[in-house]
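Visitor: I'd like a close look at one part of this model, with the charged side chains included. Pick a spot and take me through it slowly.

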Amino acid sequence: MRRTMTAILGLTTAALVMTAQAEVTVMAVRLGADDVVSLAKFYETAFGLKEIDRVGTPATEIIMRYGATVAEAKAGSSPEFLVQKREGGAAKSSMHHAIFRVSDMAATVAAAKAAGAKMEADVVTVPIGGAPIKIAMLVDPQGNALELMELPKDLTHLPH
């Protein structure tokens, strides 16, 4: 009887976990900044994100989203991009980073560099799921790593 109850409890727990996973979506990306205002301006200039909200005076966090205008960004549903003040000079990490899907790698790299990003290495093409994916690694003006991915025009997502 004890084994039966343990098995039922285990199966119930597994079913609950599987149900919860079906509802997971990307809500936001958060990167650290020493100066949130200037870093938010970088992401607006380089990648077209719009500021939709600001926390604190002076700002300790700026919330951004895609849209043709600020009003459209506020009304939109794209994942949010959060630029948050680093506390106590927290170390910069190249592991935590934002990944952007781009339609034109050369143009996006040029825009990012013009806005203050630095290239980590040359653009490479890597096979992912059998498809050639262009990847660029950059660093934003405050030390956060950025990854740009250009998929072939016929793909809507990474082929895993």
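Guide: Two strands count as paired if DSSP finds at least two bridges between them. Strands are DSSP runs of E, at least two residues, numbered from the N terminus. The model is predicted, so local features need pLDDT of at least 70 and side-chain atom pairs pLDDT 80 or more, while totals for chains, interfaces and linings use all residues. Numbering starts from 1 along each chain as its sequence is written, and side-chain values use heavy atoms, without hydrogens or water.

Let's park ourselves on strand 9, residues 145-150. On one side, strand 5 (97-101) runs parallel to strand 9, joined to it by five bridges. Arg101 is the residue facing Met149 there. Strand 8, residues 131-139, pairs with strand 9 too, but in the antiparallel sense and over six bridges. In that pairing Lys134 sits across from Glu150. Strands 8 and 9 make a hairpin with five residues between them, and Gly143 in the turn has a positive phi of about 95°.

Now for the covering. Six of the six residues in strand 9 are buried (under 20% relative accessible area; exposed is over 50%, partly exposed in between; 1.4 Å probe, protein chains only). Ala145, Glu147 and Met149 take one side, Leu146, Leu148 and Glu150 the other, and both faces are covered.

That puts two glutamates under cover, and they fare differently. Glu147 is buried with no salt bridge (a Lys or Arg side-chain nitrogen within 4 Å of an Asp or Glu carboxyl oxygen). The nearest side chain of opposite charge to Glu147 is Arg101, 12 Å away (Lys and Arg count as positive, Asp and Glu as negative; His and chain ends are left out). Who does Glu147 touch, then, beyond its neighbours within four places in sequence? The contacts (heavy atoms within 4.5 Å) are His97, Ala98, Ile99, Phe100, Ile135, Ala136 and Met137.

Glu150, on the other hand, does have a partner: its side chain meets Lys134 in a salt bridge at 4.0 Å, N to O. This links strand 9 to strand 8 across 16 residues of sequence. Glu150 counts as buried at 13% relative accessibility, whereas Lys134 counts as partly exposed at 36%.

For a companion piece, glance at strand 3, residues 61-65, where five of five residues are buried. Glu61, Ile63 and Arg65 point one way and Ile62 and Met64 the other. Strand 3 pairs antiparallel with strand 2 (residues 50-55) over five bridges, and with strand 4 (residues 80-85), also antiparallel, through four. Here Glu61 has a salt bridge to Arg30, with the closest N and O atoms 2.3 Å apart. Arg30 belongs to strand 1 (residues 28-33) and Glu61 to strand 3, so this pair ties together parts 31 residues apart in sequence. Arg65 bonds likewise with Glu80 at 2.7 Å; Arg65 is in strand 3 and Glu80 in strand 4, so parts 15 residues apart are tied together.

One last oddity is in the loop between strands 2 and 3, where Pro58 lies. The Thr57 to Pro58 peptide bond is cis, with omega about 0°, and Gly56 in that hairpin takes a positive phi near 85°. Most peptide bonds are trans, and most residues other than glycine have a negative phi.
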